[in-house]
Amino acid sequence: MVRRFAAVLAAGLFATVAVAGTTAEPARAQDKSLTLCWASWDPANALRQLSKDFTEETGIEMNYEFVPWTNYADRFLTVLNSQGDLCDLIIGDSQWLGIGAEFGHYVKLNDFFSEEEISMDRFLDAAVYNYATWPKGTDNYWALPAMGDAVGYVYRKDWFQRPEIRKSFEQEYGYELGVPKTWQELMDVAQFFQGRTIDGKKRYGIALYTERGSEGITMGVTNALYAWGFEYDDPNNDYRMDGYVNSDKAVEAVKFYKKLYECCTPPGHSNAYMTANLDAYKSGQVAMQMNFFAFFPGIHKNDRVGGDTSGYFVNPTHGDKPRASVLGGQGISVVKYSDKQDMALEYIKWFAQPEVQKRWWKLGGYSVHKAVVNAPWFKDSAPFASEFLTAMSTVRDFWQEPTYAQLLQSTQKRMHDYIVADKGTAKEALDNLITDWKFTFQSVGKY
Amino acid sequence: MTQVSLKAPAIRRLGGGTGPRQRVRGLSDRALAFYFVLPSLLLLLAINIFPLAWNIYLSFTNYRANMPGFPVRWVGDLNYARLLGSEDVWAAMQHTAHFVGWAMLIQVILGFGLAWLLNRKFKGAGLFITLIALPMMLSKAVVGTFWTYIFQPQSGIFNYIVNFFADVGEFTMLGNADLAPWALILVDTWMWTPFIMLIVLAGLRSVPQDLYEAAEVDGASSWRQFWTITVPMVLPFLMLAVLFRSIECFKLFDMVAELTSGGPGSATELANIFLKRQAFETWRTGYAAAFAVILFVTTFGAANIYVKFWTKVKER
């Protein structure tokens, strides 16, 4: 009886394996679907909406793997490093281009762009540089600029317009309350609102990026660093960082950011990134928030703080230094390990069309196609459109090296140690950062 | 009581006979037993032993999992030397020791106290035990997430309670480098004290009542009974609970990741948070593998010493 049962079981297993083996390939070949990987946020929902047109036109179903920002890099870099085929298309962070290109995770798109006459001249120069090329600024394209983004600010326009608040501000600071043009003004305004009671509730100045785990505090403090004229290395001598990363102006910028954090953020705002800042702003806790432009369409539509309640501005300046904005945004790449590369390229071809790009902007995505951003209607199409263009023309990004993850984690640690945990001095934090970065570059033979 | 006796053939069928070994299609009992165990052994080799051996090998290389083309070199004990000379590693180990030490001390005192109270017979004792045990049934990640709300300075109940008893004003537990390590200890204590309580309670209930009766006859005070009967009898249970909890605390990750992500700065960067960062954020795979080996040896060694001590206590 037992033997008979075992025989039947073995036969069943064999048959299952045999049938699966013979049918798997044709099933895969007939599978007209793509999986697109990205972060889980408002623009991803807009893209889902937009891609319905692609499915309608081509019959290719779209599946999505959207992961929260805090796990986004961990999740997808692990998939790419293990050469997994989870994603056919990936909207990867700008800093991943070095990894994607040098370790063969991404398909090089030059030939495809030539064949399909997709010219990079049709996209904003800063977007092409940051979202598509590796090595930077060369004609080697690994992605199509998909989502322009930069750090900006949202403020409570309704509070800023109240006569009694304006009067108090002018009395205290000696100038009119308005959109901060300099970092000092930003601090003044934040300080003014900190602890102030408005409509019977205690309010705070500004929600800054302070997150420790992924990239938050780096994306925050670099706004100040760039404004003070920070350089990652000697412009004439790659990877020589002494005197640049820890320059006096860099020290001053980091100190300023710490002061801003200490004076003017809500209590407990010590591990905050995009969502925490959104929550602080939408709940009426703060007068201003630092956040990526990608969230601004959502804020504009919000019942409580949307419409005329909120206004938008770009990073203020410091002294005579040019304006700079921290780069967000991503390009869309075809994953080398996908067995549906043809369909993935078809998607990119479809996505690059001006009409699709216009619809992308209208749905809440940030197109960087010149047919959209240079159109006469663009600047008036949303209250933040003009600011977005200003920000995109002044973007700066973190290291885009293949070792960016290690460089980023060192920055997270050193900056959080000083700014939030109050450990050491700004100079020590930057000196230690140079030591960490040198070690990283040495380990890959670049220093 | 029914007595069961097995006759010789039956004993032989069970493999315990002394006569000629029973054979199944040419296989000896020993071989048959081996084949039964083989799948488990293979599974153990595949998912435990091989990864351990592979990890040890990686710890002597410069391997980086995110750089497929990067040449893998044998670097000898370089990773270990770097680890032992790294301030960050020692800081992470100190944070871990602080967390494990204080969490264990507080949980043992509270767990023992609760068990002592609940060991008395009263109406609703079962319900009390169930309610107290609820936190440890939750997921650590969930606990970490909702305690971030409890610690929220403006709307969290923790600040409210503290201010109710002592007017200290607005303060942040998770954003202050001095308070954040204590926040971890507090949450872990809230969650896991019931575990110690349950094990100690089992110990208390296993103490024969006649020992106390005999002690009373001999005129021993309650205090003396506690130290000469209760504590020695419960100690093996308590030590077992401490062993399990210490290992758990040592490898704690998810709750910390949700509560503080190792911050502010690196104030709550426990060993496992540091390990995860090295392995999957900075992708220094060889270095992280070496740290994993050090952690393994530390916990394994400490647990072995502890178990030997526990065995002695149990045999006393």
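Visitor: How far apart are the end C-alpha atoms of residues 99–118 of chain B?
Guide: Keep in mind that this is a predicted model. In it, the span is 100% helix and 0% strand. UniProt, in an unreviewed entry, lists residues 99–118 among the stretches of chain B that carry the feature "transmembrane region". From one end C-alpha atom of the span to the other is 27 Å.

Visitor: And what about residues 287–307 of chain B, how far apart are their end C-alpha atoms?
Guide: This stretch also appears under "transmembrane region" in the unreviewed UniProt entry. Its make-up is 100% helix and 0% strand. The end C-alpha atoms are separated by 30 Å.

Visitor: What share of residues 93–306 of chain B is helix?
Guide: According to an unreviewed UniProt entry, these residues make up "domain: ABC transmembrane type-1". The C-alpha atoms at the two ends of the span lie 19 Å apart, and strand accounts for 0%. The helix share is 74%.

Visitor: Are B:Asp188 and B:Arg245 buried or exposed?
Guide: These two form a salt bridge, with the closest N and O atoms 2.6 Å apart. B:Asp188 sits in helix H8 (residues 180–206) and B:Arg245 in helix H10 (residues 222–250) of chain B, so the pair links parts of the chain that are 57 residues apart. As for B:Asp188 and B:Arg245, each one is buried.

Visitor: Which residue meets A:Arg162 in a salt bridge?
Guide: A:Arg162 lies in the loop between helix H7 (157–160) and helix H8 (163–173) of chain A, and its partner is 37 residues away, in the loop between strand E6 (197–198) and strand E7 (201–202). The N to O distance is 2.9 Å. The partner counts as exposed because its relative accessible area is 54%, and the cut-off is over 50%. That residue is A:Asp199.

Visitor: How many residues apart in sequence are the parts tied together by A:Asp242 and A:Lys438?
Guide: The closest N and O atoms of this salt bridge are 2.8 Å apart. A:Asp242 lies in the loop between helix H10 (216–227) and helix H11 (248–264) of chain A, while A:Lys438 is in helix H19 (residues 426–443) of chain A. A:Asp242 itself is partly exposed, at a relative accessible area of 44%. Along the sequence, the parts that the pair ties together are 196 residues apart.

Visitor: Which residues are linked in a network of salt bridges?
Guide: Counting over all chains gives 28 salt bridges. The network takes in residues of chain A and chain B. Its members are A:Asp74, A:Arg212, B:Glu269, B:Lys276, B:Arg277 and B:Glu281.

Visitor: Which residues are the closest to the centre of the largest cavity?
Guide: The structure holds five cavities of 30 Å³ or more, and the largest has about 100 Å³ of space. Its lining divides into seven nonpolar, five polar and four charged residues. At least three of the lining residues come from each of domain 1 (31–149 + 329–396) and domain 2 (151–326 + 403–443) of chain A. Of the 16 residues in the lining, the closest to the centre are A:Asp93, A:Glu215, A:Phe292, A:Gly328 and A:Gly329.

Visitor: How many charged residues are in the lining of the second largest pocket?
Guide: This pocket has about 820 Å³ of space. Of its 33 lining residues, A:Lys413, A:Arg414, A:Asp436, B:Ser86 and B:Asp88 are the closest to the centre. Elements giving two or more residues are helix H18 (404–419) and H19 of chain A, together with helix H4 (87–118) and helix H12 (271–280) of chain B. Six lining residues are nonpolar and 14 are polar, and the number of charged ones is 13.

Visitor: Which residue does a cis peptide bond join to B:Gly263?
Guide: Omega of that bond is about -5 degrees. The partner lies in the loop between helix H11 (254–259) and H12 of chain B. The residue is B:Pro264.

Visitor: What is omega for the peptide bond from A:Trp134 to A:Pro135?
Guide: A:Pro135 falls in the loop between helix H6 (125–131) and strand E4 (144–147) of chain A. The bond is cis, with omega near -10 degrees.

Visitor: What is phi of A:Glu117?
Guide: A:Glu117 is in the loop between helix H5 (110–116) and H6 of chain A, and it is exposed at a relative accessible area of 61%. Phi is positive here in a residue other than glycine, with a value near 55 degrees.

Notes
Residues numbered from 1 in each chain as written. Chains lettered and ligands numbered in written order. Predicted model: local features only at pLDDT ≥ 70, side-chain atom pairs only at ≥ 80, totals over all residues. Heavy atoms only, no water. Salt bridge = Lys/Arg side-chain N within 4 Å of Asp/Glu carboxyl O. Helix = DSSP H or I, 4+ residues; strand = E, 2+ residues; numbered from the N terminus. Buried < 20%, exposed > 50% of the residue type's maximum accessible area, 1.4 Å probe, protein only. UniProt positions renumbered as here; feature names shortened; annotations may be inferred. 1 Å grid on protein atoms, 1.4 Å probe; cavity = no way out; pocket = protein on both sides within 12 Å on 5 of 7 lines; lining within 4 Å. Points joined across faces, edges and corners; volume = space filled by probe spheres on them. Nonpolar A, V, L, I, M, F, W, Y, C, P; charged D, E, K, R; others polar. Domains from an automatic or database assignment.
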